[in-house]
Amino acid sequence: MSKLFRAVIMGPPGSGKGTISERIAHSFGLKHLSSGDFVRENISAKTEAGVLAKTYIKKGLLVPDHVMTRLLLPRLEEMTKCSWLLDGFPRTLAQAEALNSACDLDVAINLNIPLETLKERLRHRWIHPSSGRVYNMCFNPPRVQGIDDITGEPLIQQEDDRPEALVARLRHYKDVAKPVIDFYKAKGILYTYSDTETDQIWPNISTLLSTKIPTIQSDARCASTH
Ligand SMILES: Nc1ccn([C@H]2C[C@H](O)[C@@H](COP(=O)(O)OP(=O)(O)OP(=O)(O)O)O2)c(=O)n1
Ligand SMILES: Nc1nc2c(ncn2[C@@H]2O[C@H](COP(=O)(O)OP(=O)(O)O)[C@@H](O)[C@H]2O)c(=O)[nH]1
């Protein structure tokens with residue numbers, strides 16, 4: 001009997017969610033769903049939820065739960081034949097509860113990375129805004145400094161990746177993420193990884209997923225979005 005695999009990945013800004021999600025998508029053929037990318041797509045397409053979301057993001061605020069769930073859940077409901085990994089959602093307990101009513105998760109990956117490491121990584125993070133591709137000038141630099149490998153377009157640094165902004169973002173993250181972590185712990189699906197290096201964490205995540213995913217038939221595997 002084929003079974004679809006559903007996972008979420010959580011962690012503070014800079015913890016490596018995007019980087020690890022790409023590795024998981026590539027190695028296990030899951031679809032990587034980035035909630036940040038969904039938000040950006042909706043803003044560009046000027047959908048009702050996108051227009052609303054933009055008013056919050058412009059002020060540096062999180063998009064309210066009802067807007068995020070309105071934006072995300074219909075997309076998930078379309079993916080009835082796909083195994084997926086959701087990155088950046090849920091961020092709050094209300095989002096986790098809404099997701100729980102829509103589908104059963106198999107695994108919640110939680111990245112627990114020291115503050116100093118996060119600061120250092122985000123200081124060197126460069127982004128290709130239209131695709132969401134992420135680089136790090138030390139860990140995975142672009143081929144040409146300041147230029148996206150695929151499109152040749154310029155890379156940018158995000159204002160809120162500055163160390164001063166990061167401390168406030170992290171404090172907020174801890175407050176809202178704690179109940180979500182407890183929610184998944186109580187369900188028995190939480191897997192927490194603590195280290196300063198993605199390359200140390202990755203083999204452990206890969207081992208975990210190898211034990212969970214072989215039962216999934218190949219027709220339930222979907223290509224990555226990137
Ligand atoms: N559950 C979510 C997901 C996203 N967003 C909004 C706020 C973010 O500023 C924006 C982009 O989301 P990303 O996850 O791409 O970006 P961040 O910079 O917040 O995340 P990180 O630094 O963890 O990669 O979308 C939100 O409010 N709630
Ligand atoms: N030095 C270093 N940088 C890393 C490591 N893992 C990820 N990065 C970089 O750190 C930044 C944050 O990673 P990202 O995947 O965007 O994290 P997210 O905010 O949780 O999605 C990016 O610039 C990555 O390229 C690592 O092990 N070491």
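1. Helices and strands here are DSSP runs, at least four residues for a helix and at least two for a strand, numbered from the N terminus. With that in hand, a good place to begin is just after helix H2, where Lys-46 takes a positive phi of about 55°. Please keep in mind as you read that this is a predicted model.

2. Let us stay with Lys-46 for a moment. The residue sits in the loop between H2 and H3, and its phi is positive although Lys-46 is not a glycine. Most residues other than glycine have a negative phi. Is Lys-46 buried or exposed? Its relative accessibility is 66%, so Lys-46 counts as exposed, the cut-off being over 50%.

3. Now step back into H2 itself, which covers residues 35–44. Its buried residues are Ser-35, Asp-37, Phe-38, Val-39 and Asn-42. What do these buried residues pack against? Their partners are strand S2 (31–34), helices H3 and H4, and strand S3 (84–87). H2 also matters for reading the first ligand: with four residues, this helix gives the largest share of the shell around ligand 1.

4. Ligand 1 is surrounded by 17 residues, and the closest are Lys-17, Val-63, Gly-88, Arg-91 and Arg-125. By class, this shell holds seven nonpolar, five polar and five charged residues. Three side chains are worth finding on your screen. An N or O atom of the Arg-91 side chain is 2.7 Å from an oxygen atom of the ligand, and one in the side chain of Arg-40 is 3.1 Å from a ligand oxygen. For Gln-95, the side-chain N or O atom is 3.3 Å from a nitrogen atom of ligand 1. On its own, ligand 1 would expose 570 Å², of which the protein buries 85%.

5. It helps to set this beside the record. In an unreviewed entry, UniProt places a "binding site" feature at a list of positions that includes Ser-35, Arg-40, Leu-61, Val-63, Gly-88, Arg-91 and Gln-95. Phe-89, Pro-90 and Arg-169 are also among the positions given by UniProt.

6. Two of those listed positions make a nice pair to look at together. Leu-61 lies in the loop between helix H3 (48–57) and helix H4 (65–78), and Val-63 is placed in the loop between H3 and H4 too. Leu-61 has a relative accessible area of 46% and is therefore partly exposed, whereas Val-63, at 9%, counts as buried. Which residues does Val-63 touch, leaving aside those up to four places away in sequence? They are Ala-53, Tyr-56, Ile-57, Met-68 and Gln-95. Gln-95 was met above through its side-chain approach to a nitrogen of ligand 1.

7. Further along, the loop between S3 and H5 deserves a careful look. Pro-90 lies there, and the peptide bond leading from Phe-89 to Pro-90 is cis, with omega near 5°. Most peptide bonds are trans. Thr-92 belongs to the loop between S3 and helix H5 (93–102) as well. Its relative accessibility is 13%, under the 20% cut-off, so Thr-92 counts as buried. The Thr-92 side chain makes a polar contact of 2.8 Å with the side chain of Asp-65. Besides Asp-65, Thr-92 touches Val-176 and Val-180, not counting residues up to four places away in sequence.

8. Turn next to ligand 2, which also has 17 residues around it. The closest are Lys-17, Thr-19, Arg-125, Asn-140 and Thr-198. An N or O atom in the Thr-19 side chain is 2.6 Å from an oxygen atom of the ligand. Backbone N or O atoms come in as well: one from Gly-14 lies 2.8 Å from a ligand oxygen, and one from Tyr-135 lies 2.8 Å from a ligand oxygen. Taken alone, ligand 2 exposes 580 Å², and the protein buries 91% of that. Two or more residues of the shell come from each of helix H1 (17–28) and strand S6 (133–136). This shell has five nonpolar, eight polar and four charged residues.

9. Finally, a word on one annotated span. UniProt, again in an unreviewed entry, lists residues 125–160 as "domain: Adenylate kinase active site lid". In this model the span is 0% helix and 22% strand, and its end C-alpha atoms lie 11 Å apart. Arg-125, at the start of the listed range, is one of the closest residues to ligand 1 and one of the closest to ligand 2.

Note on methods
Residues numbered from 1 in each chain as written. Chains lettered and ligands numbered in written order. Predicted model: local features only at pLDDT ≥ 70, side-chain atom pairs only at ≥ 80, totals over all residues. Heavy atoms only, no water. UniProt positions renumbered as here; feature names shortened; annotations may be inferred. Buried < 20%, exposed > 50% of the residue type's maximum accessible area, 1.4 Å probe, protein only. Contact = heavy atoms within 4.5 Å. Near = heavy atom within 4 Å. Polar contact = N/O pair within 3.5 Å; in protein donor to acceptor, adjacent residues only side chain to side chain. Areas by Shrake-Rupley, 256 points an atom, 1.4 Å probe, with all protein chains shown as cover. Nonpolar A, V, L, I, M, F, W, Y, C, P; charged D, E, K, R; others polar.
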